[in-house]
Amino acid sequence: MVSVSSSRMFQLLQGHIQPAGHRSCKTRLVTKDGRCNIEFGNIEYGNHFAYLVDFWTTFVEIRWRFVLLLFVASFTGSWFIFSLLWYWIAKSNGDLSGQNRTDGHVQCIDNVNGLTTAFLYSLETQTTIGYGGRALTGHCAGTVALIIVQSLIGVFINCFMCGIILAKISLPKKRAKTVTFSSTAVICLKKGSLCLLIRVANLRKTLLIGSQIYGKLLRTTTTPDGETIILDQVDVDFMVDAGKDNLFFVCPLTLYHVINRSSPFYELSADSLPQQDFELVVFLDGTSESTSSSCQVRTSYIPQEIQWGYTFLPIISRTKTGKYQVDFSNFSKSVRVTTPHCVHCFETDTDQRNHNSHNHQKIGIDNLGFQVIDIHDSVDITKM
């Protein structure tokens, strides 16, 4: 009894535990939200200066926390540096409190008596606050030159920081967040062909002009010479019923790839699909109608996210008021349908049906005036 129960428990564990080689948590090159899972190592030290040469792109691409830190540091640092210069001028002229002043002493800056008041004057000057308590007297030429330099540098810092913040807010990848793909892909029959289907939806009412959809199949291959190519890329064409270029992206679209002899999925079957090791990356390029900025949306599918023998549920309906309604609750839902086991099976069945229909095809022309009569055996048809 113990051995029977142990054997049964082992079988149950075998059925529920997935082998390590077939886990769905496969390492991706492109995540579901479009980020590239790649890092660069052993870069020469001199190449790091290329990021400083292209400083604008570097500042736009850094994280928001560093942008805010740069924002605070640039303004605070400039105020403090110029406050030291104002303090030095005031000290050199004998304007600070505690310094011996002679009769008829002419101050360069009014009410700047120490480093704190010099910092406040620098802040008020660069931000053009102008409370009126501290001001130049106009008797020192160096103060006039310094206030011109600080004003110009302050304007430059304002323009630079405003440009970075505006550029980060208006990045095209922010528009890509409102374009979504279905979480899974399906393989089923469509218009007499075996096809791989995915769904994509634009969550905004503004269109993406000139939208184009295409895919790349990433896999490790071995050439006839024995060379192993990691992340070998193969083109995968997607289309809709109206074509594959300039999509009318006003409602969710179902894109399909025909699995034929030129398709990289031609050798797949329902049984071999889960054991495959590849990644299908799908790209959608378009131009935003409201901002005229180009954007690209990416996602990826691994074999465990491709359902063989399923099709997507319908999501578009028409209301009583005449409007078209999209039900996003069924956006990624699928239902099982009758589907051939493999492409070879489908082509064999198709050829067999075509052959049978050809054998039963009528030859000649029907005589509509001809009548069929029964001939009995008792009648002598040779009698004159």
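Q: Why is the charged end of Lys 168 said to sit over the ring of Trp 64?
A: In this predicted model, the charged end of Lys 168 is 5.2 Å from the centre of the Trp 64 ring. The rule asks for a distance within 6 Å and a position within 35 degrees of the ring normal. Lys 168 is listed as sitting over the ring of Trp 64, so the charge meets that rule.

Q: Why is the pair of Trp 56 and Phe 160 called edge-to-face?
A: The structure holds 11 aromatic pairs. In the pair of Trp 56 and Phe 160, the centres are 5.8 Å apart and the planes make an angle of 75 degrees. Centres must lie within 6.5 Å for a pair, and planes over 60 degrees apart count as edge-to-face, so both conditions are met.

Q: What makes Trp 56 and Phe 160 a link between distant parts of the chain?
A: Trp 56 belongs to helix α3 (residues 55-61) and Phe 160 to helix α6 (residues 141-169), with their positions 104 residues apart in the count.

Q: Is Trp 56 buried, partly exposed or exposed, and why?
A: The relative accessible area of Trp 56 is 36%. Buried means under 20% and exposed means over 50%, so Trp 56 is partly exposed.

Q: Why is Phe 160 called buried or exposed?
A: Phe 160 has a relative accessible area of 18%. This value falls under 20%, so Phe 160 is buried.

Q: What makes Phe 59 and Phe 160 an edge-to-face pair?
A: Their centres are 5.5 Å apart and their planes stand at 90 degrees. The distance is within 6.5 Å and the angle is over 60 degrees, so the label edge-to-face applies. Phe 59 lies in helix α3 and Phe 160 in helix α6, so this pair ties together parts that are 101 residues apart in sequence. Phe 59 itself counts as partly exposed, at 25% relative accessibility.

Q: Which residues form one aromatic cluster?
A: The cluster is formed by Phe 55, Trp 56, Phe 59, Phe 156 and Phe 160.

Q: How do you know that Cys 108 and Cys 140 form a disulfide?
A: The distance from S to S is 1.8 Å. The cut-off is within 2.5 Å, so the two cysteines are joined by a disulfide. By this rule the count comes to one disulfide.

Q: Why is the disulfide of Cys 108 and Cys 140 assigned its handedness?
A: The torsion about the S-S bond is about -70 degrees, so the disulfide is left-handed.

Q: What parts of the chain does the pair of Cys 108 and Cys 140 link?
A: Cys 108 lies in the loop between α4 (64-93) and β1 (109-110), while Cys 140 lies in the loop between β2 (135-136) and α6; the two are 32 residues apart.

Q: Why are Cys 108 and Cys 140 classed as buried or exposed?
A: Cys 108 has a relative accessible area of 2%, and Cys 140 has a relative accessibility of 15%. Both values are under 20%, so both cysteines count as buried.

Q: What class do Cys 36 and Cys 251 receive, and why?
A: Cys 36 has 48% relative accessibility, and Cys 251 has 26%. These values are neither under 20% nor over 50%, so both cysteines count as partly exposed.

Q: What makes β10 and β11 a pair of strands?
A: Eight bridges join strand β10 (residues 278-288) to strand β11 (residues 294-301). Pairing needs at least two bridges, so β10 and β11 pair. The strands run antiparallel, and Val 282 stands opposite Thr 299 in β11.

Notes:
Residues are numbered from 1 along each chain as its sequence is written. This is a predicted model: local features need pLDDT of at least 70, side-chain atom pairs count only at pLDDT 80 or more; totals for chains, interfaces and linings use all residues. Side-chain values use heavy atoms; hydrogens and water are left out. Rings of Phe, Tyr and Trp (its six-membered ring) pair if their centres lie within 6.5 Å; planes under 30 degrees apart count as stacked, over 60 as edge-to-face and the rest as tilted. Helices (H or I, at least four residues) and strands (E, at least two) are DSSP runs, numbered from the N terminus. Buried means under 20% relative accessible area, exposed over 50%, partly exposed in between (1.4 Å probe, protein chains only).
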